[in-house]
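Dear colleague,

I am handing over a structure that you have not worked with before, and the sequence and the model follow directly below. After them I set out what was found, grouped by region.

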Amino acid sequence: MTGGPPRGGAVRPSPAPDEVREWLAEYVYETTRAEVLERIVTRLDDVIIARIPELADRDMRRDLAASTRAHARIVLSRLASDAFEFSLPEEAHAFARSVARRGFELRLLLRVYHVGMEAVLDYMTEVVEQRQATPELERVVLLRLFERATKWISTSVELLTDTYMEEREQVLRAALNRRAETVRALLDGDDVDVEQASVRLGYRLSQRHLAFVLWTDEPTGEPTGADAEATGLLDRVAARLAAALGSARVLTVASGASAMWAWAGTDDGEHGAELAAPGEVERLAAVQVEAPVRVAFGVPAGGIAGFRRSHREAVAARQVAERAPAGGPRVTGYRTVEIAYLAGADEAAMRGLVERELGALAGRDAHAARLRETLHAYLRSQRSPEATAKVLGVHKNTVRYRVQRIEQLLGYPIEERGLPLEIALVCVAVYGTDALP
């Protein structure tokens, strides 16, 4: 392209509008011929795909070509007009939907249009130079093409972003629905093809599973964020928990606006056996869970039956955690609260058990609470005064004195009712004063 004033210093007048329109109309006429248009489409798409190789497969390239071709026809049809108003072709919306369905991020779609704009301007600059227009006409034509291209790209990006987001939302919703339906069928005991369900979930069902449920504290009246933020938080915590438990495989399904079901795949080796030990999961998970998140775990088990059973246990552990006094641990394991869950299934019966077995120890005063704590530690320490003293941080003679006092209040030796006493004490330890008569 040449520039600067002509010889002699005279400034040539700008080309007349009719001259510009005539040049553009002639160019449009020549370009809209099928063979010429296809060469342009191929050239532009080659540039785009060279910069964005994700679009190189046959289906994406075909959709890109259809969009480019439709765009070119519309833009060319408006090029010679003084007004430049256009609507996006359906092929462009179809391409945006394809990008969303393939799981590509929005920035890939935006890049297509920015790279496409660069390719169009390069092509048009080359065309104008080849047609040997006067410098003045060349400048006016290129300016018009730049203005039109800028408007074209901004309009396309704005409208197609909406198309992409709508399709992406539908795709994600459909995927989440399929996952939720598959999980529900598994939990309901429906006849499900294990291999197909594993593929659909992206999670191997034939392995050993550790189920857990996550939820957030009840709202306090202060704003805590949108449901989507709560779901995102629970997803992140679930991933951290799975990693802390030695699993890279986790399946999650939202069970409410601020609650989630999850399964982590575990092995059958020594590590898997360690996770089944009472208290081990809680120990590993406790450092990963902070307010407002709470988690309840089942017990690891294998196959489809284990998938269901571990989940039922996690749900049961949550029920216990939610009935427990406020301020308790944020992580609850089923093995730790199993007795309390079973005994507390009938609340009235549980209170009757506590009242009957503990008798005078069922008081709500500090002295009764201290005796209950001593008796519980004594029973868990295999009735050893020395071991109990270490747990409580007192002298062994203090333990002996308290045990004597406990037996006096009960009216019988502890050994006579050791198991029901321990069940009653577990219920009080887990449910707090709500378990007392």
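In this predicted model, helix 14 (366-380) and helix 17 (418-431) have axes that come within 10 Å and cross at roughly 125°. An angle that is neither under 35 degrees, nor over 145, nor from 65 to 115 counts as oblique, and helix 14 and helix 17 are therefore oblique to each other. The crossing in which helix 14 passes helix 17 is left-handed.

Helix 17 also packs with helix 13, which spans residues 347-358, and here the angle is about 120° while the axes are 9 Å apart. That value makes helix 13 oblique to helix 17, and helix 13 passes helix 17 in a left-handed crossing.

Helix 14 and helix 17 appear again around the largest pocket, which has a volume of about 900 Å³. This pocket is lined by 33 residues, and those closest to its centre are Thr336, His376, Val426, Ala429 and Val430. At least two lining residues come from each of helix 11 (303-323), strand 6 (331-333), helix 12 (334-343), helix 14 and helix 17. If you sort the lining of the largest pocket by class, you will find 16 nonpolar, 7 polar and 10 charged residues.

Just after helix 14 there is a stretch of backbone to look at, in the loop between helix 14 and helix 15 (385-392). Gln382, which is placed in that loop, has a phi near 60°, a positive value in a residue other than glycine. Arg383, found in the loop between helix 14 and helix 15 as well, has a positive phi of about 60° although it is not a glycine. As for accessibility, Gln382 counts as exposed because its relative accessibility is 65%, whereas Arg383, at 31%, counts as partly exposed.

Turning to the other part of the chain that I looked at, helix 5 (residues 106-130) and helix 6 (residues 135-187) pack at an angle of about 165°, and their axes are 10 Å apart. Angles over 145 degrees count as roughly antiparallel, so helix 5 and helix 6 are roughly antiparallel to each other. The crossing of these two helices is right-handed, and the residues in the contact of helix 5 with helix 6 comprise 19 nonpolar, 6 polar and 2 charged.

Helix 5 and helix 6 also take part in the lining of a cavity. How many cavities of 30 Å³ or more are there? The count comes to 2, and the largest cavity holds about 420 Å³ of space. It is lined by 25 residues, of which Leu44, Ala72, Val75, Val120 and Trp152 are the closest to its centre. Helix 1 (17-31), helix 2 (34-51), helix 3 (58-79), helix 5 and helix 6 each supply at least two residues of this lining, and helix 3 gives the most, with 8 residues. By class, the lining of the largest cavity divides into 19 nonpolar, 5 polar and 1 charged.

One of the residues closest to the centre of the largest cavity, Ala72, also belongs to a pair that I would point out to you. Thr31 and Ala72 are 41 residues apart in sequence, and their C-alpha atoms are 9.7 Å apart in space. Thr31 has its place in helix 1, and it counts as buried because its relative accessibility is 2%.

Two further places, both in loops, complete this account. Ala248 lies in the loop between helix 8 (227-244) and strand 2 (250-256), and at 78% relative accessibility it counts as exposed. The C-alpha atom of Ala248 is separated by 7.8 Å from that of Ala264, a residue 16 positions away along the chain. Pro292, for its part, is found in the loop between helix 10 (280-286) and strand 4 (293-297), and the peptide bond that leads from Ala291 to Pro292 is cis, with omega near 10°.

With best regards

Conventions:
Residues numbered from 1 in each chain as written. Predicted model: local features only at pLDDT ≥ 70, side-chain atom pairs only at ≥ 80, totals over all residues. Heavy atoms only, no water. Axes fitted to C-alpha atoms, helices over the stretch in contact; angles between N-to-C directions. Helix = DSSP H or I, 4+ residues; strand = E, 2+ residues; numbered from the N terminus. Left-handed = near helix turned anticlockwise from the far one by under 90°. Nonpolar A, V, L, I, M, F, W, Y, C, P; charged D, E, K, R; others polar. Buried < 20%, exposed > 50% of the residue type's maximum accessible area, 1.4 Å probe, protein only. 1 Å grid on protein atoms, 1.4 Å probe; cavity = no way out; pocket = protein on both sides within 12 Å on 5 of 7 lines; lining within 4 Å. Points joined across faces, edges and corners; volume = space filled by probe spheres on them.
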